[in-house]
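Student: Please give me a close look at one part of this model, the strand pairing and what packs around it. I would like each term to come with its cut-offs.

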Amino acid sequence: MSALLEVDGISVSFDGFKAINGLSFSIGPAELRAVIGPNGAGKTTFMDIVTGKTRPDEGRVLWGESSVSLLKLNEAQIARAGVGRKFQRPTVFEDQSVADNLTMALKANRSPFPVLFWKPSPQSRARVAELAEEVGLAGQTARKAGELSHGQKQWLEIGMLLAQEPRLLLVDEPAAGMTLAEREQTTTLLKRLAETRAVVVVEHDMDFVRRLDCKVTVLHQGAVLAEGSLDHVTRNPDVIEVYLGR
Ligand SMILES: Nc1ncnc2c1ncn2[C@@H]1O[C@H](COP(=O)(O)OP(=O)(O)OP(=O)(O)O)[C@@H](O)[C@H]1O
């Protein structure tokens, strides 16, 4: 299986400090991956590099079947190429309904010119219903987003990202602030999404990572320290040292 995203030997320094140090990482087109690591390990900077927010000083970031260099694209082009990013705090439009939020996300998927003349069509309404169903909000479409629980807002935002039909979804700490039931539903959702696309989840919560039941990449000091199942990496003496050794 060839990789969808291949990060090869990237490094980036901030004021002489190497936040990412020769990092290599790859993910397949339909794969769920958890990225863990202590504070300052470089997890956010890694996502910033993949999405074009931060440029590495060296290394390559290759995308898709024809290995396009993402380093040649700007943030908007990378998003259009199929990379979606879910930040930790949901940024939905609180005064708009769930359906309107999803409709706006569908609209944003179009080029600027048609958007001027865009009216919700039966097809787009059907797609909105489909997206709401996909993220477990089928019964909530008429509610204002501001009335949703924290977990539901996170799912709505995932639905809005899905409107862009990403091939890779980067998800930052989805479990934070969720109830146990919401976490369980989020695990199910992320696993299902990863059946047809790549999903990278950055997460501190080990119980949540265990439930994801996927390959784990441990970052430390801007590089990969260990990779494999959660049981495999948590038995690794270097990982134990990093998490517990100080
Ligand atoms: N723009 C910046 N300028 C200076 N230093 C930065 C910048 N961005 C990140 N860093 C530093 O780079 C290192 C890696 O940070 P990063 O936020 O990627 O880590 P992280 O693994 O996401 O941490 P956390 O789990 O706390 O979110 C940290 O030491 C951080 O202080």
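Tutor: In this predicted model, strand S1, residues 5-14, runs antiparallel to strand S2, residues 17-27, and the two are joined over 8 bridges (strands pair if DSSP finds at least two bridges between them; strands, E of at least two residues, and helices, H or I of at least four, are DSSP runs numbered from the N terminus). Residue numbers start from 1 along each chain as its sequence is written. Local features need pLDDT of at least 70 and side-chain atom pairs count only at pLDDT 80 or more, while totals for chains, interfaces and linings use all residues.

Within this pair, Ser13 has Lys18 of S2 as its bridge partner, and Ile10 is likewise bridged to Leu23 of S2. The hairpin that S1 and S2 form has 2 residues between the strands, and in it Asp15 takes a positive phi near 50°. S1 also pairs with strand S4, residues 58-63, again in the antiparallel sense, here over 5 bridges, and in that pairing Val7 stands opposite Val61 of S4.

Putting these pairs together gives an open sheet of 4 strands with antiparallel pairing, in the order S2-S1-S4-S5. The edges are taken by S2 and by strand S5, residues 68-69, each of which pairs on one side only. Helix H1 packs on this sheet, where it touches S1, S2 and S4, and its direction makes about 65° with that of S2 (contact is C-beta atoms, placed from the backbone, within 7 Å; axes are lines fitted to C-alpha atoms, for helices over the stretch in contact, and angles run from 0 to 180 degrees between N-to-C directions).

H1, residues 43-50, also has a place beside the ligand, for this helix gives the most to the shell around it, with 3 residues. The shell as a whole consists of Phe14, Ala19, Gly37, Asn39, Gly40, Ala41, Gly42, Lys43, Thr44 and Thr45 (C-beta, placed from the backbone, within 6 Å).

The model has another open sheet, this one of 6 strands with mixed pairing, ordered S6-S7-S8-S3-S9-S10. Its edge strands are S6, residues 83-86, and S10, residues 223-228, and each of them pairs on one side only. On average, and with direction ignored, neighbouring strands of this sheet are turned by 20° against each other. At the S10 edge, strand S9, residues 215-220, pairs with S10 in the antiparallel sense over 5 bridges, and Val218 stands opposite Ala226 of S10. Helix H10, residues 237-244, packs on the sheet, touching S9 and S10, with a direction that makes about 120° with that of S10.

Beyond the sheets, the same approach can be taken to helices that pack on each other. Helix H3, residues 98-107, and helix H5, residues 122-134, have axes that come within 9 Å and cross at roughly 115°, which makes H3 roughly perpendicular to H5 (65 to 115 degrees). Where they meet, H3 contributes Val98, Ala99, Leu102, Thr103 and Leu106, while H5 contributes Ser124, Arg127, Val128, Leu131 and Ala132.

H3 also packs with helix H6, residues 150-162, where the axes are 8 Å apart and the angle is about 30°, so H3 is roughly parallel to H6 (under 35 degrees). In this contact Val98, Asn101, Leu102 and Ala105 of H3 meet Leu156, Gly159 and Met160 of H6. Val98 and Leu102 are thus listed on the H3 side of the contact with H5 and are listed again on the H3 side of the contact with H6.

How values were computed
Angles under 35 degrees count as roughly parallel, over 145 as roughly antiparallel, 65 to 115 as roughly perpendicular and the rest as oblique. Two residues are in contact if their C-beta atoms, placed from the backbone, lie within 7 Å.
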